[in-house]
Amino acid sequence: MTDTRTIRPRIIGGVGTRADWRRPHLVALTALTAYSTGVGWQAQAVSYPLFRAVPPEDFLAYHAQYNEAIPLVVIVPGFLSFLACAAFPWTRPVDVPRGLAGVVAGSGLVSLVSTVAWAIPRHDRLDRIGQDEATIASLLDANLVRSLALTAGTVALMVATTRSGRPSRITSPIR
């Protein structure tokens, strides 16, 4: 016969319990989001501006090669970061304040929306019509929004990571 008094504490949290995944998850999410932030700023400063340097007659082939090259290094980590950040209020360690988790979630949602509703349609347009200055400028604007949001999320996650697991001088049951 199982004693439920010993099972419940193991399920809810504490050392050696199933809740131990939250701290490593926080550290991994911080690293993943920092990586995606770096990719975003690299695209802002290098990749997207270089779209303008490609001769117009070569642009469609160039953009097709670009699209083939980015799934594993840009798209997969980016969407994992966006979705994991958006879910962070439910996966955060208990000692991470809700407000900080809200900043992380907001960064994921803004990144997701700016990518799906703004950046992807601009890439699709470039695939259809070729090199177009207004579309490249709009893509840079979408990426700037995404990169700024990811930066805010990375900073919030770094603060959460450095504070999580440390004893607090102020103990409050409300978070």
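1. Start with how the chain folds back on itself: in this predicted model, of the contacts with a separation of 6 or more, 75% come from residues 24 or more positions apart.

2. As for what makes up the fold, you'll find seven helices and zero strands. Read along the sequence, that gives α-α-α-α-α-α-α.

3. On burial and surface: the protein has 175 residues, and 36% of them count as buried. The exposed area comes to about 10300 Å², with carbon and sulfur atoms supplying 67% of that.

4. Have a look at threonine 37, which sits in helix H2, residues 22–50. Is threonine 37 buried or exposed? Its relative accessible area is 8%, so with a cut-off of under 20% it counts as buried.

5. What does threonine 37 touch, once you set aside its neighbours within four places in sequence? The contacts are Ser147, Leu150, Thr151 and Thr154. With leucine 150 there is also a polar detail to check: the side chain of threonine 37 reaches the backbone oxygen of that residue at 3.2 Å.

6. Now the aromatics. The structure holds seven aromatic pairs. One of them joins tyrosine 48 and phenylalanine 51, a tilted pair with 5.4 Å centre to centre and 55 degrees between the planes. Both partners are buried, since the relative accessibility is 5% for tyrosine 48 and 0% for phenylalanine 51.

7. That pair doesn't stand alone: ring pairs link Tyr48 and Phe51 with Phe59, Tyr62 and Tyr66 into a cluster. It's a good place to go next when you turn the model around.

Notes:
Residues numbered from 1 in each chain as written. Predicted model: local features only at pLDDT ≥ 70, side-chain atom pairs only at ≥ 80, totals over all residues. Heavy atoms only, no water. Helix = DSSP H or I, 4+ residues; strand = E, 2+ residues; numbered from the N terminus. Buried < 20%, exposed > 50% of the residue type's maximum accessible area, 1.4 Å probe, protein only. Polar contact = N/O pair within 3.5 Å; in protein donor to acceptor, adjacent residues only side chain to side chain. Contact = heavy atoms within 4.5 Å. Phe/Tyr/Trp six-rings, centres within 6.5 Å; stacked < 30°, edge-to-face > 60°. Areas by Shrake-Rupley, 256 points an atom, 1.4 Å probe, with all protein chains shown as cover.
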